[in-house]
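Please look over the structure below. A short report on its architecture and packing follows.

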Amino acid sequence: MSERAPSRAGAAGRAPVADRPEQLRNVVLVGVSGSGKTTLTESLALAAGALTRAGRVDEGSTVSDHEEIEHQQQRSVRLSLVPVEWQGVKINLLDPPGHADFAGELRAALRAADAAVFVVSATDPVTGPVRALWQECALLGLPRAIAVTHMDAARADFDAVLAACREALGDGRPESVQPVDLPVRSEGRLRGTVELLSGETHGQAQPAPPTGPAREQLVEAIAGEDDELLERYVGGEPLAPGALARGLRGAVLHDAIHPLLPLGEDGTGAVDLLDLIVSAFPAPSDRPLPEPLGTEAVQVDPGGPLVAQVIQNTGDPYVGRLSLVRVFSGTLHPDLLVHLAGRSAGPAAEAAGGEGAADERIAGLTSPFGKQQRPVPHAVAGDLVCVSKLTTARVGDTLSDPAAPVVLAPWELPEPLLPIAVEAHSRSDEDKLSQGLARLAAQDPTVRVEQNPATGQLVLWSTGEAHIGVLLHQLGEQFGVQVERVPYQVALRETFGAAATGHGRLVKQSGGHGQYAICELLVEPLPGGTGFEFVDRVVGGAVPRHFIPSVEKGVRAQLEHGVGDGYPLVDVRVTLVDGKAHSVDSSDSAFQSAAALALRDAAARTTVRLLEPVAEVSVLVPDEYLGGVFSDLSVRRARVLGTEAAGAGRSLLRAEVPELELTRYAVDLRSLTHGTGSFTRTPLRYEPMPSALADKVAKPSD
């Protein structure tokens, strides 16, 4: 491979800068929590000369995990960009969190990346979550390599890990996973590595161990993806390392081979991985770009019209909002006027400067490195850069030339399905809460803020408990808003179990102007979802015509407050059948009050049933967990509608489930399927709650 002296251009204090797309590699490190992604990022930065000393996760000193909450939890919660330079190529290392709650950060990183290094620990099995992440990358067509970390652990078994990766990640082609380096171990320790194509050894791997069978398999796999190499290989002609390296790159770009390398926590193998990234991974011009909505395809051309996309928004205490941007076309400069187009805005509306569109001027451009923001003069097509003070930018927004607006198709975000209800801790917090929530939503598109009109609660919809912890930490520590968690309420309803009549009498005539109104109502239940009907059947003018709307108004007001447990009353027909009025003392307010009394009286004469919302749920799970998911849904009072094969050893199960049973389902399903299951929910209707359960449901608070 290439010369191995690190370039010093990426050393701390100076940001690497690319002038052409060919000088760029955008690489995301993908893996589950604990696989060693952040430690690997440190090793790569150290090997490239960007660091003088590698930090440690347990010490809170890594360049990737620089936020306080990451130090507290000793895990990544935010996507981090670490640019380094290797052999004249700028490598943008994207380190997203491995926890499933932060899948939104991973999805953003996948949009920004052109290739992936899959990080697998030699001491952990290749589990379902690892396979799920692999499939997500495969659906995007990302070229992938595999970095086997923790190879310096005493119980690390390279052959076992290789076999497990071939079985789990080979996509039915085990030979697609090919080691390009072999570990050299002695006395239970990793001493170094040996490159299969060149035969070079690194570390203390002297002398080089025999590599014949492994090298032959690799050469055969490379030759099998290149007609010219295959002809020479079959003819017995020796293949030079340079030709094989070029063949390997072609196979990687076409997703035919996934190179695998062993690495140690001490940095062993990091240089080999940097070499592989430069020599075998795609430049931005080698990859297809996101589809624009309604306009021509975008080209990776630094001289073309500007097209870029906001990958992440963060807050900096000194410069304010920072937007991480991937430039797809053109070149971004300070002081450039750009057009910002939102996720929901269509191209026609954007061209006219409609909703979701704004023009802003680029302030400074910086390259992040941990807590540092290092100034850069420009960012060419294919590069990643931070832009300060884009005040209206949201994650997924497109930056383009105001003269030729473009909207790039957004990437798919995980749906927030775990609700929590919060209240301001104090009056001062209440004054700051709305602004804090707006800033929170601007930084994190996977949180949904809802003011529930039925329960009056302020609800944060999140992707899991770990996500909730980060959201509440951000509100308190970053935005200065303290909130309290309160029990989440599902919006229940009431209805009549049978028809009933009610009498409402309001008579107050003890001196002065009195109040007089009498109403007779017939209340009948209607089919679910019908709503409310009001019928006037008064004859003979018993209730004057100008008081009929007052009766309906009083009934509607009482419907909102309910007649049993205090939940709104729905799906009833209320008929005014009779009443009395007084020529002086009757009034609009009197008939409103009498109507409410009559409705409550009717409720006392029949059964009032509690209604609960039901949702249609689609659950996507690996086949091995289907039985457990079935059993769990039956406990949740679900009606299973059916299942169907979803491919890749997975099934899609559809069911109707009461929403009371879904408040914690996002957490429970993840636990039940070891992080491999997912679901969506769609509100359907209200249905009567079983009597035994209705008796246990507490009345809503006043």
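Over the ring of which residue does the charged end of Arg 144 sit? The ring is that of Trp 134, and the charged end lies 4.5 Å from its centre. The model is predicted, and the values in this report are computed from it.

## Overall build

The protein chain holds 17 helices and 33 strands. Its C-alpha trace spans about 110 × 55 × 45 Å along the principal axes. Of the 702 residues, 51% are buried.

Contacts reach far along the sequence. Among those between residues at least 6 apart, 74% join residues at least 24 apart. The exposed surface comes to about 29700 Å². Carbon and sulfur atoms supply 50% of that area.

## Nonpolar cores

In soluble globular proteins, nonpolar side chains tend to be buried together. Here the largest nonpolar core has 94 residues. Ile 91, Val 117, Ile 146 and Leu 273 have the most contacts inside it. Helix α9, residues 270-280, gives the most to this core, with seven residues.

Ile 146 shows what such a position touches. Leaving aside neighbours within four places in sequence, its contacts are Phe 118, Val 120, Trp 134, Cys 165, Leu 169, Val 177, Pro 259, Leu 260 and Leu 261. Trp 134 thus appears twice in this report: it touches Ile 146, and its ring lies under the charged end of Arg 144. Apart from the largest core lies another, of 32 residues. Its members include Leu 417, Leu 418, Ile 468 and Leu 626.

## Aromatic pairs

The count comes to four aromatic pairs. One of them joins Trp 461 and Tyr 488, with ring centres 6.2 Å apart. Their planes stand at 80 degrees, so the pair is edge-to-face. Trp 461 lies in strand β23 (458-462), and Tyr 488 in the loop between β24 (483-486) and β25 (493-496). The pair therefore ties together parts that are 27 residues apart in sequence. Trp 461 is buried, at 6% relative accessibility. Tyr 488 is partly exposed, at 23%.

Phe 547 and Phe 591 form a stacked pair, because their planes are at 25 degrees; their ring centres are 4.9 Å apart. Phe 547 sits in the loop between β28 (532-536) and α13 (548-561), while Phe 591 belongs to helix α14 (588-604). This pair links parts 44 residues apart in sequence. Phe 547 is buried, with a relative accessible area of 10%. Phe 591 is also buried, at 0%.

## A buried aspartate

Where is Asp 571 placed? Asp 571 is in the loop between α13 and β29 (572-580). At 7% relative accessibility, Asp 571 counts as buried.

Its C-alpha atom is 5.0 Å from that of Leu 526, although the two residues are 45 apart along the chain. Beyond residues up to four places away in sequence, Asp 571 touches Thr 495, Glu 524, Pro 525, Leu 526, Pro 527, Gly 528, Gly 529, Thr 530, Gly 531 and Leu 611.

## Helices α15 and α16

An α-helix has 3.6 residues a turn, so residues three or four places apart point the same way. In α15, the buried residues include Leu 626, Val 629 and Leu 633. They cover an arc of only 60 degrees around the axis, which puts them on the same side of α15. Their cover includes β30, β32 (650-658) and α16. Leu 626 also belongs to the core of 32 residues.

In α16 (665-672), Tyr 665, Ala 666 and Leu 669 are buried. Their arc is only 100 degrees, which places them on the same side of α16. What covers the buried residues of α16 includes β21 (418-424), β30 (608-622), α15 (626-635) and β33 (678-688). So α15 is part of the cover of α16, and α16 is part of the cover of α15.

## After the helices

Which residue just after α15 takes a positive phi? Arg 637 does, at about 65 degrees, although it is not a glycine. Arg 637 lies in the loop between α15 and β31 (639-647). Its relative accessible area is 26%, so Arg 637 is partly exposed.

Just after α16, His 674 takes a positive phi of about 55 degrees. His 674 too is a residue other than glycine. It lies in the loop between α16 and β33. At 53% relative accessibility, His 674 counts as exposed.

How values were computed:
Residues numbered from 1 in each chain as written. Predicted model: local features only at pLDDT ≥ 70, side-chain atom pairs only at ≥ 80, totals over all residues. Heavy atoms only, no water. Buried < 20%, exposed > 50% of the residue type's maximum accessible area, 1.4 Å probe, protein only. Helix = DSSP H or I, 4+ residues; strand = E, 2+ residues; numbered from the N terminus. Arc of directions from axis to C-beta. Contact = heavy atoms within 4.5 Å. Core = buried A, V, L, I, M, F, W, Y, C linked by side-chain atoms within 4.5 Å. Phe/Tyr/Trp six-rings, centres within 6.5 Å; stacked < 30°, edge-to-face > 60°. Lys NZ or Arg CZ within 6 Å of the ring centre and 35° of its normal. Areas by Shrake-Rupley, 256 points an atom, 1.4 Å probe, with all protein chains shown as cover.
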